[in-house]
Amino acid sequence: MTAQTLSLAPEVTEPKPNPKRNTANVLYHALMILIVLIWLIPLIWMLSLALTPNDVLKTNSQSLLPQGFTLSNFADAFLTGATLRWFLNSTIVTVITTIVTVVVCAMAGYAFAKLPFAGRLAVYSLTLAGMMVPKEAMFIPLFMMFSDINLHNTYLALILPRIAFPLGVFIMTQFFAQVPDEIQEAASIDGASSWRIFYSVMLPLARPSLIALATFTFVQTWNDYLWPLVSATKPAMLTITTGLASLQGTFSQSTELGSLMARGIVGTLPLLLVFVFFQKYLIRGVSMSSGEK
């Protein structure tokens, strides 16, 4: 009986390796590694310059490896000049802008997706139309508007124009539209108000999309150069992007190249940390907002 059972059992065969598929995988990973290395070359070169003494850089600044080793350039970035002030300005503006933008876009997305009101489609269409207007076209009206109320060289002037983020409203609307209406109806039957449903039910479900939106907003606000250049004219109100740009035309290119690169690394570090810690949430949030499962 045992032998008969064994003879009737299906044989398990291992799948045969596919040489073409394995070759394609190897080529794909090799290409990705090459692209990553090309992308890292400017960062490696910048780090090499930041670790090289400025006296050496006066004669040779083309090496990808540090010529000598020093941390004085990073010490200068923190102890001399206004780099810390610019870094603080960027941190304040970026953090407040990110928090307020996420809250506003989440509420707007929930309203467009789940709350029926008159003119909803028209208002939503006008909101999305904002993505087609280049921000450069709005500089003159924004500049005149903030000039009339004397808000230039203030944190409000650097924060308020960034809060209107049509792409963020679109991302959150797409996500909330995918949430089954039965969840909202069940919470409503239990006596929950619209605010309670939004805060206790919808926001926890939207956490990946909220993190993705926060990451987008953080990166765009931190990297913003044109509007801070127009609105902030006092040295004490410059952000890290405009502050570093102001150094290039003075002493930095000729005598303090290492210090300039050290300041650039300090200014880039928050963006790298954001991508390292929130990469999986960013990918998941984008895929969920686009309708992919």
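Q: Where in the chain does Asn 153 lie?

A: Asn 153 lies in the loop between H7 and H8. The model is a predicted one, and Asn 153 has a positive phi of about 65° although it is not a glycine.

Q: Is Asn 153 buried or exposed?

A: The cut-off for buried is under 20% relative accessible area. Asn 153 has 18% relative accessibility, so it counts as buried.

Q: Which other residue in the loop between H7 and H8 should be read with it?

A: Asn 150 is also placed in the loop between H7 and H8. Its phi is near 55°, again a positive value in a residue other than glycine. Asn 150 is exposed, because its relative accessible area is 66% and the cut-off for exposed is over 50%.

Q: How many helices and strands are there in the chain?

A: The chain has 15 helices and 0 strands. Of its 293 residues, 34% count as buried. Among contacts with a separation of 6 or more, 72% join residues 24 or more positions apart.

Q: What is the mean pLDDT of the chain, and which elements have the lowest and the highest values?

A: The chain mean is 82, and 85% of the residues reach 70 or more. By element, helix H1 (residues 2-8) has the lowest mean pLDDT, 49, and H5 the highest, 92.

Q: What describes two packed helices?

A: The general description uses the angle between the two axes and the distance between them. Here, take helix H5 (residues 83-114) and helix H12 (residues 207-223): their axes come within 9 Å and cross at roughly 145°. The crossing of H5 past H12 is right-handed.

Q: Which residues of H5 and H12 meet?

A: On the H5 side they include Phe 87, Val 93, Thr 97, Thr 98, Thr 101, Val 102, Cys 105 and Ala 106. On the H12 side they include Leu 210, Leu 213, Ala 214, Thr 217, Phe 218 and Trp 222. By class, the contact of H5 with H12 has 10 nonpolar, 8 polar and no charged residues.

Q: What does Thr 217 touch, apart from residues up to four places away in sequence?

A: Thr 217, in helix H12, touches Thr 97, Thr 98, Thr 101 and Phe 165. Thr 217 counts as buried because its relative accessibility is 3%.

Q: Where do nonpolar side chains tend to be found in soluble globular proteins?

A: The general tendency there is for nonpolar side chains to be buried together. In this model the largest nonpolar core has 23 residues, and Phe 146, Leu 158 and Trp 227 touch the most other members. At least two residues of this core come from each of H5, helix H7 (139-148), helix H8 (155-163), H12, helix H14 (240-247) and helix H15 (257-289). The largest share, 4 residues, comes from H8. A second, separate core has 20 residues, including Val 102, Ala 106, Phe 175 and Ala 206.

Q: Which residues of H8 are buried, and what covers them?

A: The buried residues of H8 are Ala 157, Leu 158, Ile 159, Arg 162 and Ile 163. Their cover includes H5, H7, H12 and helix H13 (226-231). Beyond four places in sequence, Leu 158 touches Val 93, Trp 227, Pro 228, Ser 231, Ala 232, Met 237 and Thr 239.

Q: How far apart are the C-alpha atoms of Tyr 155 and Val 93?

A: They are separated by 6.6 Å, with the two positions 62 residues apart along the chain as the separation. Tyr 155 lies in helix H8 and is in contact with Arg 85, Asn 89, Ile 92, Val 93 and Met 237, leaving aside neighbours within four places in sequence. Tyr 155 counts as partly exposed because its relative accessibility is 25%.

Q: Is Met 172 buried or exposed?

A: Met 172 has 0% relative accessibility, so it counts as buried. Met 172 lies in helix H9 (residues 166-178). Its C-alpha atom is 7.9 Å from that of Ala 108, 64 residues apart along the chain. Not counting residues up to four places away in sequence, Met 172 touches Cys 105, Ala 106, Gly 109, Ala 206, Ser 209, Leu 210 and Leu 213.

Technical notes. Residues are numbered from 1 along each chain as its sequence is written. This is a predicted model: local features need pLDDT of at least 70, side-chain atom pairs count only at pLDDT 80 or more; totals for chains, interfaces and linings use all residues. Side-chain values use heavy atoms; hydrogens and water are left out. Axes are lines fitted to C-alpha atoms, for helices over the stretch in contact, and angles run from 0 to 180 degrees between N-to-C directions. A crossing is left-handed if the near helix is turned anticlockwise from the far one by less than a right angle, and right-handed if clockwise. Contact means heavy atoms within 4.5 Å. Ala, Val, Leu, Ile, Met, Phe, Trp, Tyr, Cys and Pro count as nonpolar, Asp, Glu, Lys and Arg as charged, and the others, Gly among them, as polar. pLDDT is the predictor's confidence in each residue, from 0 to 100. Buried means under 20% relative accessible area, exposed over 50%, partly exposed in between (1.4 Å probe, protein chains only). A nonpolar core is a set of buried Ala, Val, Leu, Ile, Met, Phe, Trp, Tyr and Cys residues joined through side-chain atoms within 4.5 Å.
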